[in-house]
Amino acid sequence: MWLVATVVFILYFVTPHDPARLIAGKDATAQMLADVRIRLGLDQPIIQQYFSYLGRLLQGNLGYSYFNSEPVSTIIGEDLPVTASLAVGGAVLWLVIGVLAGVLAATKPRSIADRTVTGLALFFYSMPTFLLGELFLLLLFFRLHLLGFDFFPGSGYVGLTQSVGGWFQHMILPWFTLALVTGAVYARLTRGSMLDVLGEDYVRTARAKGLSERRVVYRHALRAAITPVTTQFGIDLGTLLGGVIVTETVYGLPGLGQEIYNSISRQDLPVIIALVLLASAFVVTANIVVDAVYALLDPRVRLT
Amino acid sequence: MSVYDEMLVDNVPEPEGPGADFSASAIKARSPWQLAFERLRHDRVAVASAVVIVLIAGLAVFAPVVAAIVGHGPDTQFHLTGLTPEGIPIGPSKHFLLGADELGRDILVRICYGARISLLVGVVASGLAVTGGAILGMLAGYMGRLVDTTLARLIDVVLAMPYLVFAIALWTALGGQGGILLDVSVIAFFSFGAVARIVRGQVLSIKEKEYIEAARSLGAGTLRIMFVDIVPNVLAQVIVYFTLLVPAAIVFEATLAFLGIGTTPPTPDWGSMLSEALNYYEVAWWYVVFPGLALLATTLAFNLLGDSVRDAFDPRYSRIFTKEK
């Protein structure tokens with residue numbers, strides 16, 4: 001995390017640009033520029049800026065936006081609910097779709113269901129997230145809107161606290177956009193690993209005991225088959241963040257993904273660093289959780 | 001050829017499926033490469049995808065020819081013929097086969113030129129990632145110890161990075177410079193890790209094999225063992241990974257362009273076309289649909305071909321996405 005913060009900081013300063021000029025505007029006088037620099041601490045040597053930033057960071061002070069002087073924590077607080085709704089909902093949906101489709105395909109190999117799942121998985125896997133989003137907008141929002149059916153709103157966000165129904169309606173297209181593309185990978189993964197596990201002796205034993213097929217598949221086989229899926233999920237968290245940025249852009253959702261994109265074009269260093277840090281913190285924490293789940297699912301894995 | 005051999009030849013089934021190695025060796029020695037190619041040639045999906053890829057590559061190469069035939073340059077704006085008097089782009093018609101965009105440019109011509117960037121970035125970035133990843137993976141697997149640990153950590157870090165965030169940061173840091181070069185390096189940097197892991201795993205098992213021991217007892221040096229004895233055995237895996245990486249790289253490039261990173265506006269690029277199209281989908285469906293179709297057809301064809309190549313090299317192996325710890 002510290003490494004990430006430092007890398008971003010260095011990256012920011014090795015490149016030629018002047019945030020003070022950006023903030024003060026085009027017509028700023030030299031005096032105004034100097035004032036802005038002093039206010040932001042940009043007149044001090046870079047090393048000193050770096051250490052004072054690091055010091056504040058350790059105290060939990062993320063700093064203030066160069067752009068509108070809002071505390072970075074306020075900005076994050078405003079955007080987080082949007083991104084969290086999108087990311088969590090999308091991730092749950094992608095796991096459910098992926099795993100269920102994979103199980104369905106694996107339990108009846110070479111059947112029509114299997115072929116459909118495999119074909120669709122390849123289709124969605126080849127689909128870039130933003131393209132799926134645009135096609136959804138075109139077909140499910142706009143075409144249906146023309147037909148007088150307005151179930152799917154085209155953009156915007158409604159807070160969960162304001163209206164549960166509105167929140168759900170606004171999130172459903174973004175969720176599916178995020179989930180279908182990645183879910184396709186999971187369908188393939190689950191199918192492959194399920195096929196392996198279903199050939200194991202203990203699955204035959206479970207069947208021989210007279211357990212119902214449902215119990216054999218979901219209790220005995222899936223539990224073992226899902227471990228590679230869990231591993232992949234840990235790896236894909238970075239992808240999830242990327243998907244969130246793209247999805248928020250397509251649907252105009254005012255979340256952290258949009259924020260990072262805007263703050264980078266405004267060269268708003270405190271916001272950039274805070275968001276990149278947040279992203280890495282999320283990936284690291286989520287990976288720890290995934291490892292814990294891994295141990296829970298597979299008794300052979302021990303947490304050390 | 002003896003009578004016995006001829007009988008054998010007649011009875012030998014088509015070299016397909018897991019039994020292929022045995023039947024092939026009964027006729028004459030055919031290398032695994034020839035076998036794989038044979039299987040590919042009989043795979044209808046593979047042939048069809050290859051045809052699609054060749055078609056798209058053809059469009060890319062002959063983009064100026066397409067432009068000359070329809071008489072529209074890639075960046076030329078036709079405000080009179082391409083836009084309605086209200087300034088709305090016109091749809092597919094005789095003059096604009098796939099419609100026009102918001103500046104009255106020909107979408108068909110721009111798709112052809114856009115194919116150049118997609119294919120170039122896809123192939124070059126995947127090539128770099130695969131080469132670099134294979135070399136690093138081999139070093140890690142063969143050297144072991146410190147090299148291995150260092151590389152494994154490095155790869156963990158790279159794979160855990162929120163790559164799009166870093167791509168955006170790098171793009172701004174460079175002040176919007178870099179273009180395709182930035183695309184290629186970012187994609188290669190974030191893709192080599194997976195290749196390195198796969199190759200490392202392979203090398204770890206190969207280096208314990210008897211023939212490596214034999215080579216060493218004959219006095220072969222480290223370099224010779226790595227490049228003469230190990231490389232040919234991991235090459236198939238690497239090629240399979242390459243074919244599957246190309247579509248991923250194309251999607252990656254399009255996503256970057258969609259966010260405005262890499263290629264800059266007047267350059268025709270599928271990602272940036274689709275990004276513009278987002279503002280016009282309500283009046284110009286063709287602006288979304290045709291560049292989208294081109295992109296989807298390309299990635300789908302590469303993915304299908306990649307699957308087939310994998311099956312051809314090892315008919316039993318069908319789980320490339322399974323990563324075991």
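Biologist: What should the 18 residues of helix H4 (residues 44-61) of chain B span at 1.5 Å a residue, and how far apart are its end C-alpha atoms?

Modeller: This is a predicted model, in which local features need pLDDT of at least 70, side-chain atom pairs count only at pLDDT 80 or more, and totals for chains, interfaces and linings use all residues. Residues are numbered from 1 along each chain as its sequence is written, chains are lettered from A and ligands numbered from 1 in the order in which they are written, and side-chain values use heavy atoms, without hydrogens and water. Helices are DSSP runs (H or I, at least four residues), numbered from the N terminus. The expected span is 1.5 Å times one less than the number of residues. For H4(B) that gives 26 Å, and the end C-alpha atoms lie 25 Å apart, which agrees.

Biologist: Which residues of H4(B) are buried?

Modeller: Buried means under 20% relative accessible area, exposed over 50%, and partly exposed in between (1.4 Å probe, protein chains only). In H4(B), Ala46(B), Ser49(B), Ile53(B), Ile56(B) and Ala60(B) are buried. They fall within an arc of 95° (directions from the helix axis to the C-beta atoms), so they line one face of the helix. On the other side, Arg44(B), Val54(B), Leu55(B) and Val61(B) are exposed.

Biologist: What covers the buried residues of H4(B)?

Modeller: Contact means heavy atoms within 4.5 Å. The cover includes helices H3 (32-41), H5 (63-70), H6 (107-143), H12 (270-277) and H13 (285-313) of chain B. With H5(B), the meeting residues are Leu59(B), Ala60(B) and Val61(B) in H4(B), and Ala63(B), Pro64(B) and Val66(B) in H5(B).

Note on methods: Helices (H or I, at least four residues) and strands (E, at least two) are DSSP runs, numbered from the N terminus.
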